[in-house]
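Thanks for making the time today. I would like to walk you through one structure, starting with its sheet and working outward from there.

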Amino acid sequence: MDERSAVEPVATAVSKVEMTQLVLPGDTNSLGTAFGGRIMAWLDIAAGISAGRHSAGPVVTASVDDLHFFMPIQKGDVVVLKAQVNYVGTTAMEVGVRVEGERWGGERYHALTAYTTFVALDDERRPRPVRGLLLETDEDRRRASDAAERVAERRRRRGERSAKFHR
Ligand SMILES: CC(C)(COP(=O)(O)OP(=O)(O)OC[C@H]1O[C@@H](n2cnc3c(N)ncnc32)[C@H](O)[C@@H]1OP(=O)(O)O)[C@@H](O)C(=O)NCCC(=O)NCCS
């Protein structure tokens, strides 16, 4: 990355990822629906690619917010994972991932949405500042504003946790 591109904000379109998977028998639980752990691995990959694109370098998963599976995804269905950076701090990025199931014929259903936080790392594996996020649409601004509230809430909860552990 040259010096100019390191500071210039980047449009959300740069970090958008759409990843498609097929639920094979090896991806299922004993009920024959998609194994939650597999979906989590896929969403971590989609979100990591999105954060890596935004930050133009390596990233690690710092946290994933509560996950709620609304609908089981059936064996043989297609899974579509849509990820994009919603909010950028100094070194951390919130990446939202919407996961949809798709039946043959194209009918889609919302299976879950996850909010993940990734931190960009430098060569010494220390947090590395990332480029800002260019908010071009009302939708971008709404996502960023919602994400800012979640970021503040996560900070609050981390503060509480660390106070508890260091008592
Ligand atoms: C994530 C990690 C790099 C943070 O390192 P750290 O030294 O604690 O960094 P800091 O406290 O300076 O925080 C860096 C940024 O991450 C954010 N952050 C740290 N922990 C977080 C968490 N649990 N959830 C959300 N954000 C978090 C901070 O708010 C900060 O954001 P900002 O720079 O945008 O303000 C470090 O804890 C780590 O390496 N964890 C293990 C990651 C891992 O192995 N993941 C699984 C495999 S990819």
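What you have in front of you contains an open sheet of five strands, paired antiparallel, in the order 2-4-5-6-3. Please keep in mind throughout that this is a predicted model. At the edges of the sheet sit strand 2, residues 17–22, and strand 3, residues 59–64, each of which pairs on one side only. If we ignore direction, neighbouring strands of this sheet are turned against each other by 30° on average.

Let me turn to the inner strands. Strand 4 and strand 5 run antiparallel and are joined by ten bridges, and the hairpin that connects strand 4 to strand 5 passes through three residues. Within that pairing, Val 85 stands opposite Val 95 of strand 5. On to the next pair: strand 5 and strand 6 are also antiparallel, with eleven bridges between them. Two examples that you can find on the screen are Arg 98, whose bridge partner in strand 6 is Thr 113, and Gly 101, whose partner in strand 6 is Tyr 109. The hairpin of strand 5 and strand 6 has five residues between the strands, and there Gly 105 takes a positive phi near 110°.

Is strand 5 largely enclosed by the rest of the structure, or largely open? It is largely enclosed, because eight of the eleven residues of strand 5 are buried, and buried here requires 20 or more other C-beta atoms within 10 Å.

That brings me to the core. In soluble globular proteins, nonpolar side chains tend to be buried together. Here the largest nonpolar core has 31 residues, and those with the most contacts inside it are Leu 43, Ala 47, Met 93, Val 95, Val 97, Val 99 and Phe 118. Two or more residues apiece are given to this core by helix 3 (36–55), strand 4 (78–88), strand 5 (92–102) and strand 6 (108–120), and the largest share, seven residues, comes from strand 6. To take one residue from that list, Phe 118 touches, leaving aside residues up to four places away in sequence, a set of residues including Ala 47, Ala 51, Val 59, Val 60, Met 93 and Val 95.

Next, the ligand. Thirteen residues surround the ligand, and the closest are Ser 63, Gly 89, Thr 90, Thr 91 and Ala 92. Strand 3, strand 6 and helix 4 each supply at least two residues of this shell, with the largest share, four residues, coming from strand 3. By character, the shell divides into five nonpolar, six polar and two charged residues.

I will finish with a few individual residues. Ala 56, in the loop between helix 3 and strand 3, has a positive phi of about 55° although it is not a glycine; Ala 56 is partly exposed, with 14 other C-beta atoms within 10 Å. Arg 125, in the loop between strand 6 and strand 7 (133–134), has a positive phi of about 65°, again without being a glycine, and Arg 125 counts as exposed because it has 9 C-beta neighbours inside 10 Å. Lastly, Arg 156, which belongs to helix 4, residues 138–165, counts as exposed, with 10 C-beta neighbours inside 10 Å. Its C-alpha atom is separated by 27 Å from that of Pro 9, which is 147 residues away along the chain.

Key: Residues are numbered from 1 along each chain as its sequence is written. This is a predicted model: local features need pLDDT of at least 70, side-chain atom pairs count only at pLDDT 80 or more; totals for chains, interfaces and linings use all residues. A nonpolar core is a set of buried Ala, Val, Leu, Ile, Met, Phe, Trp, Tyr and Cys residues joined through C-beta atoms within 7 Å. A residue is buried if 20 or more other C-beta atoms lie within 10 Å of its own, exposed if 12 or fewer, and partly exposed in between; C-beta atoms are placed from the backbone. Two residues are in contact if their C-beta atoms, placed from the backbone, lie within 7 Å. Two strands pair if DSSP finds at least two bridges between them. Axes are lines fitted to C-alpha atoms, for helices over the stretch in contact, and angles run from 0 to 180 degrees between N-to-C directions. A residue is near a molecule or strand if its C-beta atom, placed from the backbone, lies within 6 Å of it. Ala, Val, Leu, Ile, Met, Phe, Trp, Tyr, Cys and Pro count as nonpolar, Asp, Glu, Lys and Arg as charged, and the others, Gly among them, as polar.
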